[in-house]
Amino acid sequence: MEDEKIIDLYWERSQQAITLTEQKYGRYCGRIADNVLHNREDCEECLNDTWLRAWNSMPTERPTVLQAFLGAITRNLSLDLYRRKHSAKRGGGELPYIFDELQDCLGTDETAREMERMELAESLNRFLAELGKENRVMFVRRYWYMDSIAEIAARMGCGESRVKSRLSRLRKGLYRQLKSEGIVL
């Protein structure tokens, strides 16, 4: 079913909207949740929360791209659940290391908190727009979808060392841009 029709069902408050959303985007959202949580029960909880959040958000928002809207909800809920479950310990696979990789670009936690989200988002969008397709895909797969280095290498048909070095250069490039724009000190 077309996304517009699914969105219309949400606006009509039809329960069928959730069923169709789960059928069409369940695997996509499940993959996002699994990349963060690595636990089937937590992923199922996150997906159920995603459908509920979409249900509650739709009457006030009409997303232009339903897949991106659902992906963002899933990602945010997954990260929130991850933080709640791992606040006292450092476990949970690669997620802490992914954040550590970007921490050098963003500066300290205090700096990150002081940054305005919109300014950072605009700068990041400019950075991504300047990248070639392969670099943009690698960056987004790692830092949005939280794919492992091995998964990115397999997807891109290259070695893990190539992915690691590219991501390192991309982070350095992002840092230079953020620094030149005064977003990080």
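**Notebook: ring pairs, a helix crossing and Glu181**

I looked for aromatic pairs first and found that the structure holds four of them. I note here that I am working from a predicted model.

I started with tyrosine 28 and tyrosine 145, whose rings form an edge-to-face pair, with 6.3 Å from centre to centre and 70 degrees between the planes. I then looked up where each partner sits: tyrosine 28 belongs to helix H2 (residues 16–37), whereas tyrosine 145 is in the loop between helix H8 (133–143) and helix H9 (149–156), so this pair ties together parts that are 117 residues apart in sequence. I checked the accessibility of the two residues as well, and both tyrosine 28 and tyrosine 145 are buried.

I turned next to phenylalanine 127 and phenylalanine 139, whose ring centres are 5.6 Å apart; their planes stand at 65 degrees, and angles over 60 count as edge-to-face, so I entered the pair under that heading. Phenylalanine 127 lies in helix H7 (residues 117–130) and phenylalanine 139 in helix H8, so here the parts tied together are twelve residues apart in sequence. I read a relative accessible area of 5% for phenylalanine 127, which is therefore buried, the limit being under 20%. Phenylalanine 139 also counts as buried, at 5% relative accessibility. Following the ring pairs onward, I found that they link Phe127, Phe139 and Tyr143 into a cluster.

I also searched for charges placed over rings. Arginine 141 lies over the face of tyrosine 145, at 4.2 Å from the ring centre, and tyrosine 145 is the residue I had already recorded as the partner of tyrosine 28. In another such arrangement, the charged end of arginine 13 sits over the ring of tryptophan 55, 3.9 Å from its centre.

For helix packing I examined helix H1 (residues 3–11) against H2, and found that their axes come within 8 Å and cross at roughly 145 degrees. The crossing of H1 past H2 is left-handed. On the H1 side I listed Asp3, Ile6, Leu9 and Tyr10, which meet Gln16, Ala17, Ile18, Leu20, Thr21, Lys24 and Tyr25 of H2. Sorted by class, this contact has seven nonpolar, two polar and two charged residues.

My last entry concerns glutamate 181, which I located in the segment after helix H10 (160–180). Its relative accessible area is 31%, so I recorded glutamate 181 as partly exposed. Leaving aside neighbours within four places in sequence, I found glutamate 181 in contact with Glu119, Ser123 and Arg126. I also noted a separation of 9.7 Å between the C-alpha atoms of glutamate 181 and leucine 120, which are 61 residues apart along the chain.

Definitions and conventions: Residues are numbered from 1 along each chain as its sequence is written. This is a predicted model: local features need pLDDT of at least 70, side-chain atom pairs count only at pLDDT 80 or more; totals for chains, interfaces and linings use all residues. Side-chain values use heavy atoms; hydrogens and water are left out. Rings of Phe, Tyr and Trp (its six-membered ring) pair if their centres lie within 6.5 Å; planes under 30 degrees apart count as stacked, over 60 as edge-to-face and the rest as tilted. Helices (H or I, at least four residues) and strands (E, at least two) are DSSP runs, numbered from the N terminus. Buried means under 20% relative accessible area, exposed over 50%, partly exposed in between (1.4 Å probe, protein chains only). A charge sits over a ring if NZ of Lys or CZ of Arg is within 6 Å of the ring centre and within 35 degrees of the ring normal. Axes are lines fitted to C-alpha atoms, for helices over the stretch in contact, and angles run from 0 to 180 degrees between N-to-C directions. A crossing is left-handed if the near helix is turned anticlockwise from the far one by less than a right angle, and right-handed if clockwise. Contact means heavy atoms within 4.5 Å. Ala, Val, Leu, Ile, Met, Phe, Trp, Tyr, Cys and Pro count as nonpolar, Asp, Glu, Lys and Arg as charged, and the others, Gly among them, as polar.
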